[in-house]
Amino acid sequence: MLVTTQIQQARKVLLHARSIAVLTGAGVSAESGIPTFRTNGGYWQTHRFEDLATPEGFARNPKLVWEFYEERRRAMAAAKPNAGHLALVELEKRVRTFTLVTQNIDGLHDAAGSRNVNKLHGDIWIVRCLDCGKEREDRTKFEILPPKCECGGMLRPAVVWFGEMLPEGSIERATGAVARADVFLVVGTSARVFPAAGLIPIAIAAKVKVIEINPEVTDFSSEVDFMLKGPSAEILPALL
Ligand code: OAD
């Protein structure tokens, strides 16, 4: 009941917005069957991120890292966008200025039909050669790990690991869009990884209306304008 009232109020705010920015995290893909990182058996509860998501871990054991990513690539290839991803596509059509920033590497926003997705943490479907530096999209199942580039160099997934820089200009573009927005939607992120999580205090300081959607509270929940507690595949369509 409380959530329903809050959704109605948040909907009004959204209806009047001319510029909307959105930040998504692993939770938006949870209902597509993709595990999150920090909740409910998420990856970092059973795996060491130091081994699997750092350049040092990759240098130590590229095969192990690739096994982890190849398993995730297969799970993601089988996944379909859910009602939450689709609601964001609909929202983009309704508003004059719309920016979608994601920490997800799964490509499900693209698959749903979102345009110009700002992928802060890269893209699991792009591979990069450590020798020639060439990047290309590759969705095939790699049988031999680590896979090789045609130049003979070792390939890595073009994702951002801990300790690495974000894609050039991505956080600057996201910051600008968030600070200029009327409404900032924060969906399915634990808001624990920076600089992505830093977009939330930027929005709050700029007096942008912040709507958070998450079944669990985060460190920012008490500061946002609306905390809509629940799964995004239910709350996002209801909000629209
Ligand atoms: P986390 O796993 O840290 O957080 C997922 C969030 O989604 C949690 O707050 C959950 O409560 C919420 N959640 C779970 N199910 C949901 C649902 N059905 N609908 C909405 N929300 C739901 O994932 P991120 O915040 O995305 O980076 O993590 C950020 C980064 O940390 C990732 O991009 C990844 C990870 O390490 C790298 O690998 C560099």
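How many nonpolar, polar and charged residues does the lining of the largest pocket have? By class, 23 of its residues are nonpolar, 16 are polar and eight are charged. Please keep in mind that the model you are looking at is predicted.

## The largest pocket

Let's start with the space itself. The largest pocket holds about 1000 Å³, and 47 residues line it. If you would like to find its centre in the viewer, look for Gly25, Ala26, Phe37, Arg38 and Ser190, which are the lining residues nearest to that point.

Some secondary structure elements take part in this lining. Helix 5 (62–78) and strand 8 (209–214) each contribute at least two residues. Helix 5 gives the most, with three residues.

## The ligand and its shell

What fills this pocket? The space taken by the ligand is the largest pocket. Around the ligand there are 23 residues, and the closest of them are Phe37, Arg38, Thr189, Ser190 and Asn214. Phe37, Arg38 and Ser190 also belong to the residues nearest the centre of the pocket. Sorted by class, the shell around the ligand has nine nonpolar, eleven polar and three charged residues.

## Polar contacts with the ligand

Here are three atom pairs worth a look on your screen. In the side chain of Thr189, an N or O atom is 2.6 Å from an oxygen atom of the ligand. Gln103 uses its backbone instead: one of its backbone N or O atoms lies 3.2 Å from a ligand oxygen. For Gly27, a backbone N or O atom is 3.3 Å from a nitrogen atom of the ligand. On its own, the ligand has 790 Å² of accessible area, and the protein covers 94% of this.

## Unusual backbone spots

Away from the topic of the ligand, the backbone has a few places to check. Most peptide bonds are trans, and most residues other than glycine have a negative phi.

Where do cis peptide bonds turn up? One joins Leu145 and Pro146, with omega at about -5°. Pro146 is part of the loop between strand 5 (135–137) and strand 6 (155–159). Another cis bond links Phe194 to Pro195, and its omega is about 10°. You will find Pro195 in the loop that runs between strand 7 (183–187) and helix 9 (199–205).

Asn116 is a residue other than glycine with a positive phi, near 50°. Asn116 sits in the loop between helix 7 (108–112) and strand 3 (117–119).

Methods. Residues are numbered from 1 along each chain as its sequence is written. This is a predicted model: local features need pLDDT of at least 70, side-chain atom pairs count only at pLDDT 80 or more; totals for chains, interfaces and linings use all residues. Side-chain values use heavy atoms; hydrogens and water are left out. A residue is near a molecule or strand if one of its heavy atoms lies within 4 Å of it. A polar contact is a pair of N or O atoms within 3.5 Å; within protein, one must be able to donate a hydrogen and the other to accept it, and residues adjacent in sequence count only if both atoms are side-chain atoms. Accessible areas come from the Shrake-Rupley method with a 1.4 Å probe; for residues, only the protein chains shown count as cover. On a 1 Å grid over the protein atoms alone, a cavity is a set of points where a 1.4 Å probe fits but cannot get out, and a pocket is an open set with protein on both sides within 12 Å along at least five of seven lines; lining residues have an atom within 4 Å of a point. A molecule sits in a cavity or pocket if more than half of its atoms lie within 2 Å of its grid points. Ala, Val, Leu, Ile, Met, Phe, Trp, Tyr, Cys and Pro count as nonpolar, Asp, Glu, Lys and Arg as charged, and the others, Gly among them, as polar. Grid points are joined across faces, edges and corners, and a volume is the space filled by probe spheres set on the points. Helices (H or I, at least four residues) and strands (E, at least two) are DSSP runs, numbered from the N terminus.
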